[in-house]
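Subject: The structure to look at

Hello,

Here is the structure I said I would pass on to you. Please open it next to this email, and then read on for what I found.

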Amino acid sequence: MKRPLEWQLATVKSLRSETPEVKTLTLSLPEWTAHRPGQHYDIRLTAEDGYSTQRSYSIASEPEREGEIDISVERIVDGEVSSYLLDTVKVGDRFEVRGPIGGYFVWDRSIGGPLLLVAGGSGVVPLMAMLRHRAVAGVKDPARLLYSARTYEQIIYAKELEMLSRNSGLTVAYTLTRSQPPGWKGYTRRIDDAMLKEVSGPLGPGALAYICGPTALVEAVADGLERVGLPAEHIRTERFGPSAA
Ligand SMILES: Cc1cc2nc3c(=O)[nH]c(=O)nc-3n(C[C@H](O)[C@H](O)[C@H](O)COP(=O)(O)OP(=O)(O)OC[C@H]3O[C@@H](n4cnc5c(N)ncnc54)[C@H](O)[C@@H]3O)c2cc1C
């Protein structure tokens with residue numbers, strides 16, 4: 001059996017636009033193994049002249065889907081790999097991947113408990129894997145997602161999140177930090193302690209928190225959650241990159 005750190009050749013099965021700057025790629029894997037929601041894969045691209053580069057992408061899909069994974073890639077301006085995955089890759093293309101990787105930023109039904117998820121931008125991707133798994137596995141413990149995006153158009157998985165929150169004990173709160181559509185009823189500012197208190201309060205101090213996004217957002221939210229009373233050992237973080245939300 002393949003070990004997680006061996007490279008295998010993934011085939012692009014389908015491509016879907018999520019927002020103007022984010023696409024989901026479904027990758028078929030010959031050596032698929034069930035992941036834990038929150039884990040990621042490394043992708044390695046190699047040019048004809050031998051130049052090679054690799055990046056990490058979180059798994060967006062639930063582990064119950066066998067033989068394939070979804071990743072959702074956001075465009076980074078002048079980004080080498082994200083631009084390639086968004087603009088050049090087509091169905092049937094193949095590239096190397098290895099995974100699933102990561103043992104700390106993971107949640108599944110065996111962990112359970114009230115769940116607080118906080119996302120900045122594409123940081124919602126691994127949290128979506130947790131929510132999809134939570135729905136398929138029929139977990140009833142309450143869950144809350146606080147999702148910060150710049151604009152309404154940049155919210156990834158908006159329709160699915162609305163569906164998931166209808167009957168499942170999941171509450172989704174958005175903050176749109178740059179512009180809001182007419183009649184917007186959600187938050188309109190960067191995440192602060194008051195917002196964290198409002199969103200996390202109903203879950204109580206026993207909640208387990210997962211924060212993912214740009215480094216600055218992750219650090220600010222982790223500090224804020226401690227200030228509003230969540231013990232540090234209940235907070236897990238994943239940083240995607242250097243910039244602020
Ligand atoms: C564990 C893990 C999981 C990740 N999961 C995802 C995911 O699910 N979806 C996703 O889109 N990305 C994810 N990322 C980020 C991803 O690995 C790349 O860093 C990102 O796609 C940029 O790569 P690039 O080659 O396009 O940009 P590069 O060519 O590496 O960088 C171009 C410029 O953008 C800056 N930059 C690099 N990365 C970021 C970033 N994340 N945010 C802002 N500025 C950046 C660089 O400093 C540089 O100035 C994840 C990162 C980690 C560590």
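A residue counts as near a molecule when one of its heavy atoms lies within 4 Å of it. Please also keep in mind that this is a predicted model.

**Around the ligand**

Let's start with the ligand and its neighbours. There are 21 residues around the ligand, and those that come nearest are R55, S56, Y57, V81 and S82. Sorted by class, this shell holds nine polar, seven nonpolar and five charged residues.

Which helices and strands each supply at least two residues of the shell? They are the strands β4 (52–58), β5 (68–74) and β11 (235–241), together with the helix α1 (80–87). The space that the ligand takes up is the largest pocket.

Next, try finding some polar contacts of the ligand. The side chain of S82 has an N or O atom 2.6 Å from an oxygen atom of the ligand. The backbone takes part as well: a polar backbone atom of E74 is 2.8 Å from a ligand oxygen, and for E80 a backbone N or O atom lies 2.9 Å from an oxygen of the ligand. On its own the ligand has 910 Å² of accessible area, and the protein covers 74% of that.

**Three buried residues**

Y57 is one of the residues that come nearest to the ligand, and its place is in strand β4. Is Y57 buried or exposed? Its relative accessibility is 13%, so Y57 counts as buried, because the cut-off for buried is under 20%. You can also find A10, which is 47 residues away from Y57 along the chain, with 13 Å between the two C-alpha atoms.

Now follow the chain into the loop between β4 and β5, where you will meet S61. This residue has 0% relative accessibility and therefore counts as buried. What does the side chain of S61 reach? It reaches the backbone nitrogen of D70, at 2.9 Å.

Q39 sits in another loop, the one between β2 (22–28) and β3 (40–46). With 9% relative accessibility, Q39 is buried too. Q39 and W107 are 68 residues apart in sequence, while their C-alpha atoms are 9.2 Å apart in space.

**Some backbone details**

One general point helps here: most residues other than glycine have a negative phi, and most peptide bonds are trans. With that in mind, have a look at these places.

- G99 and P100 are joined by a cis peptide bond, with omega at about -5°. P100 belongs to strand β6 (residues 94–101).
- D78 is not a glycine, yet its phi is positive, near 65°. You will find D78 in the loop between β5 and α1.
- Y157, also not a glycine, has a positive phi of about 65°. Its place is in the loop between β8 (143–149) and α3 (158–164).

Why does D78 count as exposed? Its relative accessible area is 76%, and exposed means over 50%. Y157, by contrast, has 5% relative accessibility and so counts as buried.

If you would like a place to begin, go to S82 and look for the side-chain atom that is 2.6 Å from a ligand oxygen.

Best wishes, and enjoy exploring!

Definitions and conventions:
Residues are numbered from 1 along each chain as its sequence is written. This is a predicted model: local features need pLDDT of at least 70, side-chain atom pairs count only at pLDDT 80 or more; totals for chains, interfaces and linings use all residues. Side-chain values use heavy atoms; hydrogens and water are left out. A polar contact is a pair of N or O atoms within 3.5 Å; within protein, one must be able to donate a hydrogen and the other to accept it, and residues adjacent in sequence count only if both atoms are side-chain atoms. Accessible areas come from the Shrake-Rupley method with a 1.4 Å probe; for residues, only the protein chains shown count as cover. On a 1 Å grid over the protein atoms alone, a cavity is a set of points where a 1.4 Å probe fits but cannot get out, and a pocket is an open set with protein on both sides within 12 Å along at least five of seven lines; lining residues have an atom within 4 Å of a point. A molecule sits in a cavity or pocket if more than half of its atoms lie within 2 Å of its grid points. Helices (H or I, at least four residues) and strands (E, at least two) are DSSP runs, numbered from the N terminus. Ala, Val, Leu, Ile, Met, Phe, Trp, Tyr, Cys and Pro count as nonpolar, Asp, Glu, Lys and Arg as charged, and the others, Gly among them, as polar. Buried means under 20% relative accessible area, exposed over 50%, partly exposed in between (1.4 Å probe, protein chains only).
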